[in-house]
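Please look through the sequence and the model shown here, and then follow the account below. It moves from the core to the pockets, and from there to charged pairs and backbone angles.

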Amino acid sequence: MPVSARDLMDFPIPEGRGVASTRDAMLYALSVGYGREPLDAEHLRRTQENGLVPTPTLANILAHPGPWMKDAGVDWQRLVHSEHRLTLHRPVPFDTPLVSRSRMVSVVDRGAGKGMFATFERTLAVLDEDDRPDAAPVATILQTNACRGDGGCGSAGTPLAPQPPVPERAPDAVLSLAVPEDAALLYRLNGDRNPLHSDPAYALQAGFPRPILHGLCSFGLAGYAIGRLMGAPGFADVSAIAARFTGVVYPGDTLEVAVWRAGDDLHFRVRVPARDVTVLDHGTARLAG
């Protein structure tokens, strides 16, 4: 039976729990670009345990509730990540119990045969000694999924305000970033084992010629590039980053990350020039501090 907007809005999204170990943090950092210059002290601060600094976008993968939309009746094979917004309130703590609680924000129906967009908010917090979330959250995450097989379900809730476009002028900084051929196989070790990113036959059934890179890996690579461009010779940290996923990235692609400064705000876009495809657009970010 097709999912309905009302049922999805009312679905009890499971609580997520987890702990970020230093190993988790180092693996994540390696999977989103850090460590490419293994003699550079700034890279090593993210990839070895001595004085380890958490990568800001690490918060995206912690205490995730799992593939709950599959349990809610959404066509899981045809679901893709379409937009993501992360606000980091404080650095991710290591070896500390974490909890995330989620709520649906909206369902936007595009019509039968056209799919729908489902947005949910997830709040990541530290658990105190009484097993209660700390009042000051670590991060707030807004995720929108394009559910390509679930159109005609009806709409509900209040959609997010759209992300602004990038400025109509030349970017202030650009970084070219090669995506390793094994990038998806490495990134999936962070917890997202969806076969869309590893199994060629499954990817073909989902409409792709081969496995695609995780959207959140592309998002993390963008965060890495922004940190490198804005923090040279070291790295800057973002405190907020958001973007639309407008095209798929394949392992082996070379990304071009363009960044525009606009006062305290940053805008960015990520393209694959060889395929003339924009893969992240309407990107915004703000630096910590």
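The paragraphs that follow take up the nonpolar cores, the pockets, the salt bridges and two backbone angles in turn.

This is a predicted model, in which local features need pLDDT of at least 70 and side-chain atom pairs count only at pLDDT 80 or more, while totals for chains, interfaces and linings use all residues. Residues are numbered from 1 along each chain as its sequence is written, and side-chain values use heavy atoms, with hydrogens and water left out.

A nonpolar core is here a set of buried Ala, Val, Leu, Ile, Met, Phe, Trp, Tyr and Cys residues joined through side-chain atoms within 4.5 Å, where buried means under 20% relative accessible area, exposed over 50%, and partly exposed in between (1.4 Å probe, protein chains only). The largest such core has 57 residues, and Ile-226, Leu-255 and Phe-268 are those with the most contacts inside it. Helix H7 (residues 215–231) gives the largest share of this core, ten residues; helices (H or I, at least four residues) and strands (E, at least two) are DSSP runs, numbered from the N terminus. A second, separate core of 18 residues includes Trp-68, Met-69, Leu-79 and Ala-156.

Pockets are found on a 1 Å grid over the protein atoms alone, a pocket being an open set of points where a 1.4 Å probe fits, with protein on both sides within 12 Å along at least five of seven lines, and lining residues have an atom within 4 Å of a point. Grid points are joined across faces, edges and corners, and a volume is the space filled by probe spheres set on the points. By this reckoning the largest pocket holds about 980 Å³, and of its 44 lining residues the closest to its centre are Leu-79, His-81, Gln-143, Asp-192 and His-197. Its lining has 21 nonpolar, 17 polar and six charged residues, with Ala, Val, Leu, Ile, Met, Phe, Trp, Tyr, Cys and Pro counted as nonpolar, Asp, Glu, Lys and Arg as charged, and the others, Gly among them, as polar. The second largest pocket holds about 300 Å³, and Ser-82, Glu-83, Phe-117, Thr-144 and Arg-244 are the closest to its centre among 14 lining residues. Strand E2 provides the largest share of that lining, three residues.

A salt bridge is a side-chain nitrogen of Lys or Arg within 4 Å of a carboxyl oxygen of Asp or Glu, and the count by this rule comes to 18. Arg-45 is bridged to Glu-42, with the closest N and O atoms 3.3 Å apart; because these residues are three apart in helix H3, about one helical turn separates them. Arg-46 meets Asp-237 in a salt bridge at 2.9 Å, N to O, and this pair links distant parts of the chain, 191 residues apart, with Arg-46 in helix H3 and Asp-237 in the loop between H7 and E8. Arg-46 is buried at 2% relative accessible area, whereas Asp-237, at 24%, is partly exposed.

Most residues other than glycine have a negative phi. Ala-63 has a positive phi, near 50°, and is found in the loop between helix H3 (41–47) and helix H4 (68–71), where its relative accessibility of 8% makes it buried. Asp-131 also has a positive phi, near 65°; its place is in the loop between strand E4 (116–126) and strand E5 (139–147), and Asp-131 is partly exposed at 41%. Asp-131 is also linked with Glu-15, Arg-17 and Arg-101 in a network of salt bridges.
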